[in-house]
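Colleague: Mind if I poke at the wording in your notes? I'd like to hear the reasoning behind each label.
Modeller: Go ahead, here it is.

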Amino acid sequence: MNHNTWLLLDTALAVAALVVLIAWLKLNSFVALALVSLAAGLAAPMDPSKVAGSFADGVGGILGKIAVVIGLGAILGQMLAESGGAERIATALVNSFGPRWLALAFVAAGFLIGLPVFFQVGLVLLIPIAETSAGKIGVRLSRFGLPLVAGLSVSHGLIPPHPGPMAALAILHANVGKTILYGLLVGAPTAIIAGLAFARVNCGSDAAETLKQPPDRPPPPNGAPNFCTALMSVLLPVGLMMLGACAELVLADGTKVRRWLLLLGDPAVAMLIAVLVSFYSLGLARGFSRRQILGFCNTSLLEIGGVLLIVGAGGGFSQVLRDSGVNEAVKELALRLPVSPLVLGWLLAAAVRVATGSATVAIITSAGLVVPLAVGNTALSPELLILAMGAGSLVLSHVNDGGFWLVQKYVRLTVPQTLRTWTIMDTIISAVALGFVLLLAAVLHAVR
């Protein structure tokens, strides 16, 4: 067995061990990633004195690029929740679309609110609105709950600043503005197709007590923000990052305007500006005190500590694979396979997702493996590769996925009903998103 073959086998065994530790032995994902990283490096074989350092470099490298963005995103999401801004956006969309297009309204609400808000938070915030709308029409919650979670799932899997896409951005050195733009182009039609495919499903329980109510948040002293203010809070960081991407593409190097726009479009700066604006528009202007706003910030940051550790450990795993020489072995194998790198990234992420149940772990693990396909390959867009892996990370959500149980509980489905609806819908999202990624890749290739 030659060295490259052994490295590929070592990687396969490492991923298999990761699956066993997380899915079977129920080991914490952070601990599992750290353990597997050290074992993979030693088996490669790397110099034992350098394995721990390689892992630490990977953790520091990825968190140094994305921890600030994820942390600020969590604060923005918390401000949106505490101020009532998320509910304001959802209610305005429901009222605007009218009874005939309510399912589409909930797809749009899930997609928009899902941009700055984690999946589980968006679900808790918006399900009561879906429940009220379903009650008025006399249908079960699934009619609007499933389109809602379709929009949330697409945003979570495809679009920064969510942890999985942000980690892949750091690993592949992609452009965040272009990734968001492509993510919106791919994600919006994907959410609509998948959400509306299940818009007439009328199943689940009518028992109100099966729905865990969201935390009791007293209304802001001055009332919730208006629709425009809430929507601006969601779209401001997205717009700034896309503006920076446009400046990089259009403006000449070295110009003062270009330098300033690139600063404003930096993900950390864009998120910081959005958070500072939200402190007034969603905080002080709503009647919250500075002490209350501080409490909101502290609460949101406490909730993302575990996520950041998992993302960091995933970066450490990727660094160990790179330092052990696995990247070149993967590149050599991929060049011999009759499959697009985009499809390969999707397959890798899908395999890890089905096995571990974690979309974040799936994206990070697959991104570490496909690095050699993206670096130096001008014919391959790293942004589209991230979207392909994000699509793969959403495939076949089942009982080993925490999101499966959240949907089952909040949409009031039985386990078999959740498998027949949510699991199939998430797989449709994955397949449709990959199709749009491949279509967008073909269009971009044709216009070059």
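Colleague: To start with overall shape, how do you know that the radius of gyration agrees with a compact globule?
Modeller: This is a predicted model, and the protein has 448 residues, for which a compact globule would come out near 22 Å; the protein has 22 Å, so the two agree. For the outline, its C-alpha atoms fill a box of roughly 65 × 60 × 45 Å along the principal axes.

Colleague: What secondary structure does the protein have?
Modeller: There are 20 helices and 0 strands. Of the contacts with a separation of 6 or more, 81% are between residues 24 or more positions apart.

Colleague: How much of the protein is buried, and what does the surface consist of?
Modeller: Buried residues, meaning those under 20% relative accessible area, make up 54% of the 448. The protein exposes about 18300 Å², with carbon and sulfur atoms supplying 67% of that.

Colleague: What makes you say that helix H18 is largely enclosed?
Modeller: Just count: 11 of the 11 residues in H18 (residues 382-392) are buried, so the rest of the structure largely encloses this helix. Among them are Glu383, Leu387, Met389 and Gly392.

Colleague: Which helices do the buried residues of H18 pack against?
Modeller: They pack against H7, H8 (163-172), H9 (176-197), H16 (341-356), H17 and H20.

Colleague: Why is Cys246 called partly exposed?
Modeller: Its relative accessible area is 44%. Buried would need a value under 20% and exposed one over 50%, so Cys246 counts as partly exposed. Cys246 is found in helix H10 (residues 227-250), and its C-alpha atom is separated by 32 Å from that of Asp426, 180 residues away along the chain.

Colleague: Why does Lys26 get the label exposed, then?
Modeller: Lys26 has a relative accessible area of 62%, and the cut-off for exposed is over 50%, so exposed is the right word for Lys26. Lys26 lies in the loop between H1 (3-24) and H2. Its phi is near 60°, which is positive even though the residue is something other than glycine.

Colleague: And what makes Leu396 worth a mention?
Modeller: Leu396 also isn't a glycine, and its phi is positive at about 50°. This residue is in the loop between H18 and H19. At 38% relative accessibility, Leu396 counts as partly exposed, because the label covers values between 20% and 50%.

Colleague: Where are the cis peptide bonds you listed, and what omega values do they have?
Modeller: One joins Ala44 and Pro45, with omega about 0°. Pro45 is in the loop between H2 (29-43) and H3. Another joins Pro160 and Pro161, with omega about 15°, and Pro161 is in the loop between H7 and H8.

Colleague: On to the voids. Why is a space called a cavity rather than a pocket?
Modeller: A 1.4 Å probe fits in a cavity but cannot get out, whereas a pocket is open. The structure holds 3 cavities of 30 Å³ or more, and the largest has a volume of about 90 Å³.

Colleague: Which helices contribute to the lining of the largest cavity?
Modeller: H3 (48-83) and H13 (290-303) each supply at least two residues, and H3 has the largest share, with 4 residues. The lining includes Gly73, Gln78, Phe118 and Glu303. By class, the lining has 6 nonpolar, 4 polar and 1 charged residues.

Colleague: What about the second largest cavity?
Modeller: About 60 Å³ of space lies in the second largest cavity. Its lining includes Val69, Ile70, Pro161 and His162, and the class split is 6 nonpolar, 2 polar and no charged.

Colleague: How much space lies in the largest pocket, and which residues are closest to its centre?
Modeller: The largest pocket holds about 550 Å³ of space. Of the 23 residues lining this pocket, the closest to its centre are Gln120, His156, Ser358, Thr360 and Asp401.

Colleague: How does the lining of the largest pocket divide by class, and which helices supply it?
Modeller: The lining divides into 10 nonpolar, 10 polar and 3 charged residues. Helices that each supply at least two lining residues include H6 (119-137), H14 (305-323) and H20 (415-447).

Notes:
Residues are numbered from 1 along each chain as its sequence is written. This is a predicted model: local features need pLDDT of at least 70, side-chain atom pairs count only at pLDDT 80 or more; totals for chains, interfaces and linings use all residues. Side-chain values use heavy atoms; hydrogens and water are left out. On a 1 Å grid over the protein atoms alone, a cavity is a set of points where a 1.4 Å probe fits but cannot get out, and a pocket is an open set with protein on both sides within 12 Å along at least five of seven lines; lining residues have an atom within 4 Å of a point. Grid points are joined across faces, edges and corners, and a volume is the space filled by probe spheres set on the points. Ala, Val, Leu, Ile, Met, Phe, Trp, Tyr, Cys and Pro count as nonpolar, Asp, Glu, Lys and Arg as charged, and the others, Gly among them, as polar. The radius of gyration is taken over C-alpha atoms; the globule rule is 2.2 Å times the number of residues to the power 0.38. Buried means under 20% relative accessible area, exposed over 50%, partly exposed in between (1.4 Å probe, protein chains only). Contact means heavy atoms within 4.5 Å. Accessible areas come from the Shrake-Rupley method with a 1.4 Å probe; for residues, only the protein chains shown count as cover.
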